[in-house]
Amino acid sequence: SNFSLSTPTAAMAEMDELNVELEEYNEKCGVFGVFNTVKAAHTAYYGMVGLQHRGQEGAGLVSCHVKPDGANEFRLHRGQGLVTDVFKPEDVKQLDGIHAIGHTRYSTAGGKTALEGFQPFCVRYRSGKNLALAHNGNLSNASELRSFFQDQGVLTQSTVDSELFLHLISHSKRKSQLDQIFDAMTQAEGAFSVVILTDSHLVAVRDPNGFRPLCLGKLVGRGPNGTDGYVVASETCALDLCKAQYVRDVEPGEMIVIDKKTVELGTFSTFKLPSKFGTSQCIFEYVYFARPDSRIFGEYVTKVRRELGRQLAREHPVPLVADGDPPPVIIPIPESAAHATLGFHQESVAQGRPCTLDLGFFRNPYVGRSFISPSQELRDLKVLCKFNPMEHVLKGKTVIVIDDSIVRGTTAKQLVGLIFSAGAKAVHLRISSPPVTDPCFYGMDFPSKEELFANQYGGNIDEMCKWLRVDSLGYLTPEGLVEAATKSSGTRHNFCRACFTGVYPVPIGNKGSEMDW
């Protein structure tokens with residue numbers, strides 16, 4: 001779809017050629033598990049609401065119901081849409097039991113509407129053993145595993161790489177179910193934070209590289225007879241919503257087992273997966289994906305984002321203005337750039353640079369990603385429906401716009417045009433991450449390499465400025481990004497920067513073919 005704006009300013013002259021789909025990277029899933037908790041499905045429901053930002057396409061929940069004869073029955077409900085749309089009160093009520101796992105989904109391999117690909121997956125195998133599984137990430141050796149199982153004549157129900165875990169578990173030669181799960185995890189490569197529910201265990205696994213976050217929490221006194229319950233979640237914001245105490249992160253390469261012994265003694269059984277490629281936590285979780293109120297990789301996201309903003313101000317300071325002109329105003333692109341903007345302003349003030357901090361846009365929270373476009377003339381409303389510039393903040397000012405990243409560049413150009421249409425004198429764009437040059441194969445939905453803005457201009461900042469119609473453009477350097485993230489998080493692990501460098505820490509088989517199995 002295209003965009004045109006009737007405001008007759010030079011900055012808007014070429015807007016009719018732009019694609020107006022609002023640019024957003026998409027995280028591919030959130031996982032949640034709860035063990036030994038009264039009304040476990042209710043707790044999982046709220047945990048999934050807390051993880052809604054990690055996937056809005058669909059949601060699912062499995063609970064462990066105990067039948068009158070004492071046998072376990074795994075009950076599954078999943079559907080398309082937001083958590084609050086998929087689950088009605090009657091749906092949650094029928095998912096009774098004290099154990100449950102849940103999943104929020106963005107589109108993974110297999111298309112956007114195939115319900116068979118929605119998680120959690122729920123199966124019975126080998127003498128009636130129950131198993132339910134939810135996965136966040138992408139397997140880099142999915143093609144190799146797929147070919148192996150196809151040669152074995154294995155039938156699949158979906159085109160999602162997460163299903164491969166089920167086949168790895170069911171085909172394991174190990175005798176105990178926990179050993180089968182461990183055996184399966186040692187054969188997977190790439191990004192996987194997984195929660196698994198069995199008849200008697202809740203298992204949490206994080207890949208040896210630690211690409212995706214995963215944490216443990218405790219529900220004090222929320223189990224039967226006042227015992228403690230336990231939860232596992234992609235982010236701590238999910239723990240906050242269900243009032244669980246944060247215990248710790250699941251470490252890279254760690255498999256944690258929560259069972260009856262955990263309830264009795266408060267201890268976890270842990271196992272270590274072999275590591276082939278070191279650690280490489282996804283740094284883009286800090287830049288954009290994770291909720292700012294979450295604590296991931298050992299630190300609060302807001303703290304790291306503020307440090308990214310401070311580092312950005314050191315590398316690309318607020319420009320000086322002519323005598324008599326008002327000081328530059330620093331504004332964020334809502335909402336994900338807000339915390340980096342605070343850090344940028346704090347550092348700018350510390351440097352003695354005259355500037356003010358303000359909100360330059362009103363962001364309509366009730367507008368989704370899809371818009372009705374009744375005519376070519378009204379397509380400008382697609383951006384205006386979501387972002388309205390504050391003229392009284394911007395008019396006559398030199399504006400410093402902070403954003404977390406640039407995808408294809410089209411939304412950035414549209415927003416710059418809106419700032420100029422509100423009367424800004426100059427616009428300087430500052431990005432709290434390096435140029436995105438390569439797609440992600442570890443669980444994020446990125447455009448193709450050719451579509452990425454930085455690649456369209458070969459990294460030429462002057463040409464990028466001309467197209468965006470900004471007075472200057474400043475990206476955080478890769479070195480500055482890692483330095484700021486490491487300094488503020490205090491992590492002892494390394495970060496994955498593949499989307500900025502093209503250096504992939506785990507080999508990728510069949511790049512770009514993720515959708516075809």
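**Overall make-up.** I began with the secondary structure, which comes to 18 helices and 28 strands. I note here that the model is predicted. I then looked up burial: of the 517 residues in the protein, 57% are buried. I also checked how far apart in sequence the contacting residues lie. Among contacts between residues at least 6 apart, 72% join residues at least 24 apart.

**The open sheet.** I traced the strand order of a seven-stranded sheet and wrote it down as β6-β5-β7-β4-β13-β12-β14. The sheet is open, and its pairing is antiparallel. Its edge strands are β6 (72-80) and β14 (245-249), each of which pairs on one side only. I looked up the angle between neighbouring strands as well; on average they are turned by 15° against each other, direction ignored. Inside this order I picked out β12 (residues 215-219) and β13 (residues 229-233), which run antiparallel and are joined by five bridges. Leu219 stands opposite Gly229 of β13.

**Strand β15.** I went next to β15 (residues 254-258). Five of its five residues are buried, so the strand is largely enclosed by the rest of the structure. In a regular strand the side chains alternate between the two faces of the sheet. I therefore sorted the residues of β15 by side, and both faces turned out to be covered, with Glu254, Ile256 and Ile258 on one side and Met255 and Val257 on the other, every one of them buried. For its partners, I found β11 (residues 202-206), which runs antiparallel to β15 and is joined to it by four bridges. Val205 has Met255 in β15 as its bridge partner. β15 also pairs with β16, again in the antiparallel sense and over four bridges. There, Val257 has Ser269 in β16 as its bridge partner.

**Ser280.** I followed the chain past β16 (269-272) into the loop that leads to β17 (281-282), where Ser280 is placed. Is Ser280 buried or exposed? Its relative accessible area is 2%, so Ser280 counts as buried. I listed its contacts, leaving aside neighbours within four places in sequence: Asn209, Gly210, Phe211, Asn494, Phe495, Cys496 and Pro505.

**Helix α17.** I looked at the length of α17 (residues 478-489) first. Its twelve residues reach 16 Å from first C-alpha to last, close to the 16 Å expected at 1.5 Å a residue. Its buried residues are Gly480, Leu481, Ala484, Ala485, Ser488 and Ser489. Seen down the axis, these fall within an arc of 135°, so they line one face of the helix. On the other side, Glu479 and Lys487 are exposed. I asked what covers the buried residues of α17. The cover includes α9 (284-289), β19 (299-300), α10 (301-315), β28 (495-496) and α18 (498-501). Just after the helix, Gly490 takes a positive phi of about 70°.

**Nonpolar cores.** I turned to the largest nonpolar core, which has 43 residues. Which of them touch the most other members? They are Phe284, Phe344 and Tyr442. Elements that each supply at least two residues of this core include α9, α11 (338-350), β24 (398-403) and α17. I wrote out some neighbours of Tyr442, not counting residues up to four places away in sequence; among them are Gly137, Asn138, Ala191, Phe211, Cys496 and Pro505. A second, separate core holds 31 residues, including Leu418, Ile419, Val427 and Met464.

**Backbone exceptions.** Most residues other than glycine have a negative phi, and most peptide bonds are trans. I searched for departures from this. The peptide bond from Gln119 to Pro120 is cis, with omega near 5°; Pro120 lies in the loop between β7 (100-105) and β8 (121-125). A cis bond also runs from Pro334 to Glu335, with omega near -5°, and Glu335 lies in the loop between β20 (329-332) and α11.

For positive phi outside glycine, I noted Lys243, with phi near 60°. Lys243 sits in the loop between α7 (236-241) and β14, and at 72% relative accessibility it counts as exposed. Phe297 has phi near 50° and lies in the loop between β18 (295-296) and β19. Phe297 is buried, with a relative accessible area of 4%.

Key
Residues numbered from 1 in each chain as written. Predicted model: local features only at pLDDT ≥ 70, side-chain atom pairs only at ≥ 80, totals over all residues. Heavy atoms only, no water. Expected span 1.5 Å × (residues − 1). Buried < 20%, exposed > 50% of the residue type's maximum accessible area, 1.4 Å probe, protein only. Arc of directions from axis to C-beta. Contact = heavy atoms within 4.5 Å. Pairing = 2+ DSSP bridges. Axes fitted to C-alpha atoms, helices over the stretch in contact; angles between N-to-C directions. Core = buried A, V, L, I, M, F, W, Y, C linked by side-chain atoms within 4.5 Å.
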